[in-house]
Amino acid sequence: MRAMLIDGPRRPLRLADPPQPKPGPGQILIQVKACGVCRTDLHVADGDLPNPKLPLVLGHEIVGTVAALGTGVSRFRAGDRVGVPWLGWTCGECGYCRGSRENLCDKATFTGYNLDGGYAEFTVANAAFAFPLPEGLGDTETAPLLCAGMIGYRTLVATGPAERLGIYGFGAAGHIVAQLARHQGRRVFAFTRPGDAPAKQFALDLGAVWAGDADTAPPEPLDAAIIFAPVGLLVPAALKVVVKGGTVVCGGIHMSDIPTLPYHLLWGERVVRSVANLTRRDGEEFLALAPQVPVRTEVQPFPLADANEALRRLREGELRGAAVLTV
Ligand SMILES: [Zn+2]
Ligand SMILES: [Zn+2]
C-alpha cells in the first residue's frame, strides 16, 4: 500500500509502500478515504511529543470503510463507514478509566503517535475506539470532526455555561467550536494572529460577533476563553479579558512556555486549565450534536503524496479551515 512515513523528528515525510497491515483480535482493517491534518501531527513531526513509534504513519482524523474484521469484532461489518480518532486504546482498569476519564489513562495509546495512523491507503484500529459516522457530510468534510471536532467539543464543555466566549486561534478546531457555540446561544469573540485579515473574515463568516488581534482587548469582557493556538503568551492575554470566575481552557497538546504573570490576573477565582485527549463519550456526544447544528467544515483537500505541503501550510497559517488528505 502507499503510505507517508516519518522516520524521525524534523524530517520530511516520505512516500513508501509498506505491507498492508493485518487486523488483530478486536481490530478492524480500514480502507482510508480521507485523513485530516491536525496541529498535533506537526508537534509529532517536530519532536515536541516524546517517543513516537518510528517509523510512523501520522494522522488521527481518519475516515474510511471497514475492509476486514479481526476476530471478536461485532461492532462493525465490512463496508461500514467508520471514523478513527486520536484515542486509540485505553487499559480499562486504572482509576482514570474506571472513573470516566479514560482520556487521562497512563497506558493509553494514540493514533498517529504510538499507533500507525491514516496518512496511508489502509490502517488498522481497535474497533472499540472507532466510531460509526453520521451521514450528511462527505468523507473529506467529515475528517476534521474526528479531532478538531471531538476535542474541540470537550474544550467547549470545559468552559461551562460561558455566554461570551473567546477563541484564540481560528483554525480547524476554532471554526467547528464556533458553530457549536452559536448553536448553544453563546457569542463568539475570535482572536487571530495580529494582522491576519483573512482569518478574521473567516471567523465573522462563521458568526463570530467580533474578530480582532490576539494582543488586543475585545469590546466587552468575556466569560471564558479557549486557546487553540500553541502560544503560551496567550494565557495571560486571555486571563486579562475574562471576568472574575472565568475559565481559560488550553485546548492544544503542546504550547510554548507560559510567561510569568502577576497574581492579580488569576485572582478573582479565574481558572486556567488544559484539555487532554478525548474520551469515547466525548466523541459520541459530539457526533450526535454535529448534525443538529449542523456543523459544516471548511476543508482544503490535498492528495496523500502532498502531506508535506499540507503540513507546511498548517505551520505557516496559510489554511482556511482544515487541511485533509484524500486517499
Ligand atoms: Zn488532533
Ligand atoms: Zn487506564
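Biologist: Hello! Which residues are linked with E163 in a network of salt bridges?

Modeller: Let's start there, keeping in mind that this model is predicted. Side chains of opposite charge can pair when their charged atoms come close. Here a network of salt bridges links E163 with R164, R187, E220 and D223.

Biologist: How many salt bridges does the count come to?

Modeller: A pair qualifies when a side-chain nitrogen of Lys or Arg lies within 4 Å of a carboxyl oxygen of Asp or Glu. By this rule, the count comes to 18.

Biologist: Is E102 buried or exposed?

Modeller: E102 forms a salt bridge with R280, and their closest N and O atoms are 2.8 Å apart. E102 sits in the loop between α2 and β8, while R280 belongs to helix α8, so this pair ties together parts that are 178 residues apart in sequence. R280, at 25% relative accessibility, is partly exposed. The cut-off for buried is under 20%, and E102 has a relative accessible area of 9%, so E102 is buried.

Biologist: Which helix does K200 lie in, and which residue is its salt-bridge partner?

Modeller: The distance from N to O in this salt bridge is 2.6 Å. K200 is buried at 14% relative accessible area, whereas its partner is partly exposed at 21%. The pair ties together parts 13 residues apart in sequence, because K200 lies in helix α6 and its partner in strand β13. That partner is D213.

Biologist: And what is the distance between the closest N and O atoms of D7 and R14?

Modeller: D7 is partly exposed at 26% relative accessibility, and R14 is partly exposed as well, at 38%. The two form a salt bridge, with their closest N and O atoms apart by 2.6 Å.

Notes
Residues numbered from 1 in each chain as written. Chains lettered and ligands numbered in written order. Predicted model: local features only at pLDDT ≥ 70, side-chain atom pairs only at ≥ 80, totals over all residues. Heavy atoms only, no water. Buried < 20%, exposed > 50% of the residue type's maximum accessible area, 1.4 Å probe, protein only. Helix = DSSP H or I, 4+ residues; strand = E, 2+ residues; numbered from the N terminus.
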